[in-house]
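Work through the exercises below with the coordinates open, and try each task before reading the solution that follows.

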Amino acid sequence: MRVQADRVSVTGPHGTLLSPTSLTVSGGELAIVHGEPGVGVTAFGLALAGRLKPATGTVTVEGGDPRKVVAVVDSPGVSEPDGALSLQVVVGEELELAKRPANKAAVASWLAEHDAAAFATTRFENLEAVTRTRLLTALAADRKGVGVLVLDTPDRHTSDVDSWARLAREYAERGLAVIVLTATTPVSALPEKPALCGALDQPDPVRCAPVEIPAETTLEATVADDTEKTSGDQE
């Protein structure tokens, strides 16, 4: 799985939302992206997911349709849940969106599995930031075919950088490509050197999971090794 943005810019009704930005992230890697507070950083995430058409540049997603492969988590005004809804309603809606069983029993089971049964009737806006981001990320990752997670400005809910950074790393360690969009956290407080909105030359993402070696490559290497051994024996 790999997502690549090449000189992507986005414009809105009143001008430029995002200046040309490049970024490449593969499965098992984590990239933190920093932008100014506002809609620009979110626009980048939506462009990666195929929800906004770039004004310039291209987005390439290996592994399928960007709308199905890339999940944008908690995007302000787009995918963030209505704060007045209870957690169990939000979970039900997300499970239905993922085309999974979403009845009361299924919701209760999902909540129990994710240690959140005690918050079932809690208004979503009253959840602690770490719980909110953890559960929404789990719901997004559970969708069939998703290989790229874009966490949209989790720092707008909390100043605890480690809470969302640790979560993002965990999913990258599972083999997903993970991108965290940030805006309110100072660059100096971020756990890794971030990619910057409006920049083309970016730091390499952090590799969190081992690079997968294609099965055919492993087979070829084994055959070659066996051949060398056989030749050595004959000599």
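A residue is called buried when its relative accessible area is under 20%, exposed when it is over 50%, and partly exposed in between, with a 1.4 Å probe and protein chains only. The model is predicted, so local features need pLDDT of at least 70 and side-chain atom pairs count only at pLDDT 80 or more, while totals for chains, interfaces and linings use all residues. Residues are numbered from 1 along each chain as its sequence is written, and side-chain values use heavy atoms, with hydrogens and water left out.

**Exercise 1. Describe the chain as a whole: how many helices and strands are there in the chain, and what percentage of the residues is buried?**

Begin with the secondary structure, taken as DSSP runs numbered from the N terminus (helices are H or I with at least four residues, strands are E with at least two). On that basis the chain has 7 helices and 9 strands. Next comes burial, where 44% of the 235 residues in the chain are buried. For the surface, areas come from the Shrake-Rupley method with a 1.4 Å probe, and for residues only the protein chains shown count as cover; the chain exposes about 12,400 Å², of which carbon and sulfur atoms supply 50%. Finally, with contact meaning heavy atoms within 4.5 Å, residues 24 or more positions apart account for 72% of the contacts with a separation of 6 or more.

**Exercise 2. Locate the largest nonpolar core: which residues have the most contacts inside it, and which helix or strand gives the most to it?**

A nonpolar core is a set of buried Ala, Val, Leu, Ile, Met, Phe, Trp, Tyr and Cys residues joined through side-chain atoms within 4.5 Å. The largest one has 35 residues, and those with the most contacts inside it are Leu87, Val91, Trp110, Leu111, Leu149, Val178 and Val180. At least two residues of this core come from each of strands E3 (29–34), E5 (70–73), E6 (148–152) and E7 (177–182), and likewise from each of helices H3 (87–97), H4 (104–113), H5 (129–141) and H6 (161–173). H6 gives the most, with 7 residues. Another core lies apart from this one and has 27 residues, among them Val3, Val8, Leu18 and Val148.

**Exercise 3. Characterise the surroundings of Leu151: is Leu151 buried or exposed, and which residues is it in contact with beyond its neighbours in sequence?**

Leu151 is found in strand E6. With a relative accessible area of 1%, Leu151 is buried. Once neighbours within four places in sequence are left aside, Leu151 is in contact with Val73, Thr133, Thr137, Leu167, Val178, Ile179, Val180 and Leu181. One of these partners, Val178, is 27 residues from Leu151 in sequence, while the two are 7.7 Å apart in space, C-alpha to C-alpha.

**Exercise 4. Analyse the packing of H3 and H6 against H5: at what angle do the axes of H3 and H5 cross, and at what angle do those of H5 and H6?**

Axes are lines fitted to C-alpha atoms, for helices over the stretch in contact, and angles run from 0 to 180 degrees between N-to-C directions. The axes of H3 and H5 come within 10 Å and cross at roughly 20°. Angles under 35 degrees count as roughly parallel, over 145 as roughly antiparallel, 65 to 115 as roughly perpendicular and the rest as oblique, and H3 is therefore roughly parallel to H5. This contact joins Leu87, Val90, Val91, Glu94 and Leu95 of H3 to Leu135, Leu136 and Leu139 of H5. For H5 and H6, the axes also come within 10 Å, with a crossing of roughly 20°, so that these helices too are roughly parallel to each other. Here the contact is made by Val130, Thr133, Arg134, Thr137, Ala138 and Ala141 of H5 with Ser163, Leu167 and Tyr171 of H6.

**Exercise 5. Examine two residues with positive phi: where does Asp74 lie, and where does Lys99?**

Most residues other than glycine have a negative phi. Asp74, which is not a glycine, has a positive phi of about 60° and sits in the loop between E5 and H3. Its relative accessible area is 6%, so Asp74 is buried. Lys99 has a positive phi near 60° and lies in the loop between H3 and H4. At 78% relative accessibility, Lys99 counts as exposed.
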